[in-house]
Amino acid sequence: MPSEGLNGEVFYPSSEVIEYANIKNWDELNKRASEDYLGFWESMAGELDWFKKWDKVLDDSNKPFYKWYTGGKCNISYNCLDRHVKTFRRNKLALIWEGEKGEFKSMSYYALHRETCKFANILRSMGVKKGDRVTIYMGRIPEIVMAMLACARIGAVHSVVYGGFSVEALHERIEDSQSKVLIVADGAYQRGKIVPLKEIADEALQRAGGIEHVLVVKRTGQEVNMEEGRDMWYHELLKLPIAKGDGFIEETDAEDPLFLLYTSGTTGKPKAIMHTHGGYMVGTYTTLKYVFDIHEEDRFWCAADPGWITGHSYIVYGPLLNGATSFMYEGAPTHPYPNRWWQMIENYGINIFYTAPTAIRGLMRFGDAWVKRHDLSSLRLLGSVGEPINPEAWKWYHKTVGNEKCPIMDTWWQTETGMFMITPMPCVPLKPGSGTKPFPGIEMDIYNEDGKPVKDDEEGFMVIKTPWPSMMRTIYNDPDRYVQQYWSKFPGVYLTGDSARRDKDGYYWVIGRVDDVIKVSGYRLGTAEIESALVSHASVAEAAAIGLPHDVKGNAIHTYVILKSGVNKSEELKEALRQHVGHEVGPIAKPEQIEFVDSLPKTRSGKIMRRVLRAKALGQDPGNLSTLED
């Protein structure tokens, strides 16, 4: 734990918090992990079940393509389910779920294991085998958890596509992953309306080849198109003998791929981040255990979506690996009223609550009264993820939601890292807006343009200097891009793509992206994706997108559009373009503002200078314009 007398505003943990915590002294754990880095990660792997022990903890013979636990045989689904079913946890609740309409379902470890095995048997009957890719496109329902675990169980590689993405995004991801099966829900409930997932999927499949079977999970019950010979209802297959059978488990190699997850790139084409069974398993297990201080009786709620890395690591895999009870809610935080989340925390006795600054800011707008009408005394820890949390929102969250007794675990990490990288633990003094320090054993730094460490409180490129178990292994089908994007600017160290500063106490303050990715409500969207969508409209000749600060969303998308000759500017056209982007990329990508312009600032090589647009919009000095064409 850092010494007393830290600089700036500091919130110290109470003696009760420290007394109850599994880790009471951060410095001791960090010393152990730093002095024997590989020994630390070996001991953590040893807490999980392996069919065959590894020959080597870390193989760095082919940098930057690091391998962990080489020669080891394991299966993450086995460690999430089978391992617990053999113990006293057999009848412990694994998953509690509430639907947006108020339905409730809970599943013990035994029940989740049983249903996952049935799901796996159905996939196997469709010819899915080890290494095959399966795309999953659903809302937040228990079947999405089963589908992911079932894929992992048989060694198939899942690619979950966020249920808020629309036709083009789904089509691109199916094509790139070369999936042979699509698992889709008929629809999802969101803010009282039905999101027509099956309809969107049908349109995507008209553009994508390769899908042999579509497995349809009934959630909303509206009429959907079912193509004969391709589409099958999950609930009907569950009644057939194919669903029954033993709990088959594939003994996967530690380095076998577990999942692909697409994240926005600066080139417009989303990139598939690839994670593996062994290292990812150890990383998510360890970080959740220590950071959210998991106790046997805890009820943990990560309010993310399984379609994002936060949901993968800390709704599905991390809690189940730790034998915890995980809560999942289908709908929106303010439906039908702004107390929905607080009501569920009270109803289910949630102890640990983990959400995004966007959601916190959004709920702050409704004032304290909606929170105060509920008994939130069950809460022990709070968490923040997705983007830096501004101090004002941090304090409201701490005071109003946490009653000034719940430490906030403000975590920085990425799709690429798979696990928390900068994060406190309950015993660590907190500074509002800072994720505190790197997780024990993780060595990070901040470099200037020349690759030299900056001084305290100077801004620079945040880098990671040591490999870690749950690091991405590559970009699927594009290893050159993996090296170029993450390992080439500063050879030998991983470039996070974020700028940050570190204060004299060693606390990290993440500032934001240094590339052209906009974080809206914690979701990463590539400027090129949005621009491509705009340009695909018949009226648009050229477009540029930037992110500008927004009180609730963190960033809002502002776009500049050059219309084709002869096209008239109008408010109706602006709205049509907003809807078009929503259709092509997803509702989250709809621009906040569209400005019609006659030209865009470009370099001589034709690259749009978005920083110039951003500076102009914010009334700032645009800086050096020597590379401008005009």
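## Reading helix packing and cores

Modeller: H3 and H10 are roughly perpendicular to each other. Keep in mind that this is a predicted model.

Biologist: How do I read that kind of packing, and at what angle do the axes of H3 and H10 cross?

Modeller: Two packed helices are described by the angle between their axes and by the distance between those axes. Here, helix H3 (residues 37-45) and helix H10 (residues 277-291) cross at roughly 90°, and their axes come within 9 Å. Angles of 65 to 115 degrees count as roughly perpendicular.

Biologist: Which residues make that contact?

Modeller: From H3 you have Phe40, Trp41, Met44 and Ala45, and from H10 Val282, Gly283, Tyr285, Thr286, Lys289 and Tyr290. Sorted by class, the contact of H3 with H10 has 7 nonpolar, 2 polar and 1 charged.

Biologist: Let's try another pair. At what angle do H4 and H11 pack?

Modeller: Helix H4 (residues 76-85) packs on helix H11 (residues 309-321) at about 50°, with the axes 8 Å apart. That makes H4 oblique to H11. The crossing of H4 past H11 is left-handed. On the H4 side, Ile76, Asn79, Cys80, Arg83 and His84 take part, and they meet Tyr317, Leu320 and Leu321 in H11. By class, that contact of H4 with H11 has 5 nonpolar, 2 polar and 1 charged residues.

Biologist: Now the cores. Which residues have the most contacts inside the largest nonpolar core?

Modeller: Ile183, Phe292 and Tyr317 do, in a core of 164 residues. Helix H6 (residues 142-153) gives the most to this core, with 9 residues. Apart from this core lies another, of 27 residues, among them Trp301, Trp394, Trp396 and Ile408.

Biologist: Tyr317 came up in H11 too. What does Tyr317 touch?

Modeller: Leaving out residues up to four places away in sequence, its contacts include Ile76 and Cys80, along with Met148, Leu149, Ala152, His158, Leu258, Tyr280, Thr284 and His312.

Biologist: And Ala201: buried or exposed?

Modeller: Buried means under 20% relative accessible area. Ala201 has 1%, so it is buried. It is found in helix H8 (residues 197-207). Beyond four places in sequence, Ala201 touches Tyr137, Leu170, Leu182 and Val184.

Biologist: Last one: which residues of H12 are buried?

Modeller: In helix H12 (residues 340-348), those are Arg340, Trp341, Trp342, Met344, Ile345 and Tyr348. Gly349 follows H12, and its phi is positive, near 65°.

Terms used. Residues are numbered from 1 along each chain as its sequence is written. This is a predicted model: local features need pLDDT of at least 70, side-chain atom pairs count only at pLDDT 80 or more; totals for chains, interfaces and linings use all residues. Side-chain values use heavy atoms; hydrogens and water are left out. Axes are lines fitted to C-alpha atoms, for helices over the stretch in contact, and angles run from 0 to 180 degrees between N-to-C directions. Helices (H or I, at least four residues) and strands (E, at least two) are DSSP runs, numbered from the N terminus. Angles under 35 degrees count as roughly parallel, over 145 as roughly antiparallel, 65 to 115 as roughly perpendicular and the rest as oblique. A crossing is left-handed if the near helix is turned anticlockwise from the far one by less than a right angle, and right-handed if clockwise. Contact means heavy atoms within 4.5 Å. Ala, Val, Leu, Ile, Met, Phe, Trp, Tyr, Cys and Pro count as nonpolar, Asp, Glu, Lys and Arg as charged, and the others, Gly among them, as polar. A nonpolar core is a set of buried Ala, Val, Leu, Ile, Met, Phe, Trp, Tyr and Cys residues joined through side-chain atoms within 4.5 Å. Buried means under 20% relative accessible area, exposed over 50%, partly exposed in between (1.4 Å probe, protein chains only).
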